[in-house]
Structures are given as structure tokens and as C-alpha cells.
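Here are my notes on this one, in the order I'd go through them with you. I start with a pocket and then step back to the whole fold.

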Amino acid sequence: MCMSRRAVAATAVLVASALALTACGAPDGSGGADGASGKVEGQVTFQTWNLKANFKDYFEGVIADFEKKYPDAKVKWVDQPAEGYPEKLSADAAGGTLPDVVNVSPDLAYPLAKAGMALDLEKSAGKYRGEYLDGAWKSNEMPGMKGVYAFPWYLNTGPMFYNKDLFKKAGLDPEKPPTTYGQLFKDAASMARKSGREIAMLASTPSIEDFGRYGVRLMNAQGTEFTFNEPKGVELLRHYKELYAAGALDSQALTAKAESSGRKFQQQSVAMNPGSALDLETFKKEAPSLYKNIGITDTVNNTGKANMYVQGLMVNAQSKVKPAAVAFAHFVTGKKNQMAFAKEVTIFPSTKGSLDDPYFTKEDGTDATRVRVASAKSLKNAVNYTPVLLSDQMKTLLRNAVAKAVQGKQSPKAALDGAVADCNRLLKTG
């Protein structure tokens, strides 16, 4: 199970279905009359995304507890493999066989909401809003639509690792890593200069999340156009171009993947890199000199908010057992069950107050706990920066534009203008 799985490229399949369904007279995104109030009864079909193999006992326990609480309701659990999941949702949506409660990420919820197949929970279950972290609840708002279209479920975020020894050698305070982009650029330039361009601060170019964390407006409010080429976006890219020229950005950053960036960090030729508890275990075994100098901090941002990856539970607006479906989705994502799930696997609850539990605040000397505590702290006010409409093809267009600008083949403005124009064209053509 991987929290970063988004399968955004396949969202195009769902968008096509959404358009077809809308053309056939499907209800608007509100889901029509919500029908969510009433007796909790009937059979709810609950679909998860590649979870049964590892968490069968957990989910069977949750279902048994729900059926005990609501004797007139039954739950049929189906689990779909990760591969082909968006296509499966598309086929079910088109065929009228979409389950009553469906595990989705925001990008997969969007086309279903657009087609009127996702229940507006702001309208139908708004009384529960206060139970969830604000950023998690809002992550299922959809561009150009009113409402929220899935209960927030489990969350994740990536802490940033940094090498305290390399900071010290560059004359930087190893206990005060950069927290804003301005400080990052300043520290990165200093590190490159002090090391004779031998040590780079970073090993990758900015992604859409960096633009969001920098404070760039990524889309207009209607969700009809990308806007990351506005002056603030150009400013961010200009800074990265300067970093690259100064040797503060690794020379292979233009082609680097997460794995190669991680290797650079492990080899101690790069001072900062995102990671997870698994990385810490690897460092301990394979790079003990790095491990003893590891610092953990939030990912740099100008907004005061880290990035959040979120999974949710959507309720089918066409469900014939809406009261039971809403009750079950709320039950699964309730504080007690989310907390129990977080102890089964490295994820984080989206419910308010859960991240204050000692499990997420007290260290016990283990690597997993070090990362868990750091991540939980940053998630309290985190947001999902990646637009739900940004496909993998669009991400590639942005990555190529960034590479051209960083190398000086195009000005930052021209590169971003071109990427935005291409992304907006794809947005309109589907």
C-alpha cells in the first residue's frame, strides 16, 4: 500500500465517462436530493483499493462492529487491485454498478463528482465536518463545484531529512535547517560556495507541490485554467535557475528520480532530501556515518503548511441505501477506527485530536517513531497542494519546462507560459 499512489494519468478515462454521463442527463454535482437521512438499513457495498491482502482482519473487524451497531444493515466488502483501479471505477460508473462506498483519492473523486455520482457530503453530512482536520475535509472540494465529495480517511506526508555534518561544514546551524524558500536559497548558495561546488543542497527540480508550497496560485477558482505561470511561479523558477548555475542544485537534478536523489543523499553529496522511516533504517545499515548526523524537519514552505496526501471514502449519489452508506463511511473514518488503522500501517488519521495522541507525539528511540512524530506534527494543518486536474501528462510538461528554464534554454517566464498553455489545452480537450 502506498499513499502516493494517485494514478492521475488514468483520470482521463474517468473524465471521459463523466462527460458522457453528464451528456446523458446525469444529475449535477450536488447528487440531487441527498436522501442521506433516514433509517440505517440494507446492504452497503464497500470497495477498497488494494487493501485486503494486508488488512483483512482489520476491515472484517470494523464491518462486524458496524453491523452490531446497526443490526438492520449489512456490509459487503470488495477489494480491487491497484492496477486498473481508475478504469474499474470508470466502467462501474458507466454501467451503473458503482459500489455504495468507494475508496478514492481526490483526483479520482473529481470526475465522479462532476458526473453527479458522488454525494455532496457538505450538504448531506455536513454535521460531521468538525470531526476532521480542516485541510483534510477541504481536500475533497472540487474545482468549480460547491461541496465536498468524500469523507477524508487516511493521510500521509513526507518529512525532509538533512545532513547536520554538511550543514556544519558549510557554516550553517545544524539545528536550524531552512523552513522557508528564501532561507533555503540563501543556505544552498552558501553551501555550494563553501564546498567549492562539491556539495549541493538539493537533488531535484521543483514539482507542482513546490510551486504550491512557495505560495503560487496553481489554478483559478473555477478550476478551468492553470495559473502557475503567474509572477510568483516565475520567481520560484528563476531562483532554481540561479541555484543550478551556482552548483547548489545537483548537476543531475534535471533527470533525477526519487531513487537517484536518495542515493545522492546517502553518498553525502546532497544535503537535503525527502524520505520515510524506511530510509532511516537503510541509512543505519548502509551509511552509518550519515545516519548519526541525520536531522528531520518539515518540507520547506512559505505557507506554513506542509503537503498532505489523502485518501477518502466517497458515497455513491445513486446509492439505494444512502443513509446506511453515509453512516458506514462515517463509521470507517471515525476517530476510533482511524486510530486503529494507523497502528496497523504507517499512515495518519484525518480526525481532529488524533494526532495529539502519545502514539504520534512521544518518541521511543526507534527510527519509525522519529519519523512518525515529525510527520504527525506537520499534518495538523497540512493541505493537498496537487490540483486534482493535474494529469501525469501535465506533470511531464511542467517537468520539461522547468528543465529548459533551469538550463537557460528558455526564460522562466517563457517556459512556464508554454507549460500552462499546453496544460490548459489538455484540460479543455480532456
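**Notes on the predicted model**

1. The second largest pocket holds about 810 Å³ of space. It is lined by 28 residues, and those closest to its centre are Lys138, Glu141, Val383, Asn384 and Tyr385. Keep in mind that this is a predicted model.

2. Which helix gives the most to that lining? Helix α6, running over residues 134–138, does, with 3 residues.

3. As for chemistry, the lining of the second largest pocket splits into 12 nonpolar, 10 polar and 6 charged residues. If you're setting up a probe run here, that's the mix to have in view: nonpolar 12, polar 10, charged 6.

4. Zooming out, the secondary structure of the protein adds up to 19 helices and 8 strands.

5. On overall dimensions, the C-alpha trace spans about 70 × 50 × 35 Å along its principal axes. The radius of gyration is 23 Å, which agrees with a compact globule, because one of 430 residues would come out near 22 Å.

6. How much of the protein counts as buried? Of its 430 residues, 54% do, taking buried as under 20% relative accessible area.

7. Contacts reach well along the chain: of those in the protein with a separation of 6 or more, 77% are between residues 24 or more positions apart.

8. Last, the surface. The accessible area of the protein is about 18300 Å², and carbon and sulfur atoms account for 50% of that.

Note on methods:
Residues are numbered from 1 along each chain as its sequence is written. This is a predicted model: local features need pLDDT of at least 70, side-chain atom pairs count only at pLDDT 80 or more; totals for chains, interfaces and linings use all residues. Side-chain values use heavy atoms; hydrogens and water are left out. On a 1 Å grid over the protein atoms alone, a cavity is a set of points where a 1.4 Å probe fits but cannot get out, and a pocket is an open set with protein on both sides within 12 Å along at least five of seven lines; lining residues have an atom within 4 Å of a point. Grid points are joined across faces, edges and corners, and a volume is the space filled by probe spheres set on the points. Helices (H or I, at least four residues) and strands (E, at least two) are DSSP runs, numbered from the N terminus. Ala, Val, Leu, Ile, Met, Phe, Trp, Tyr, Cys and Pro count as nonpolar, Asp, Glu, Lys and Arg as charged, and the others, Gly among them, as polar. The radius of gyration is taken over C-alpha atoms; the globule rule is 2.2 Å times the number of residues to the power 0.38. Buried means under 20% relative accessible area, exposed over 50%, partly exposed in between (1.4 Å probe, protein chains only). Contact means heavy atoms within 4.5 Å. Accessible areas come from the Shrake-Rupley method with a 1.4 Å probe; for residues, only the protein chains shown count as cover.
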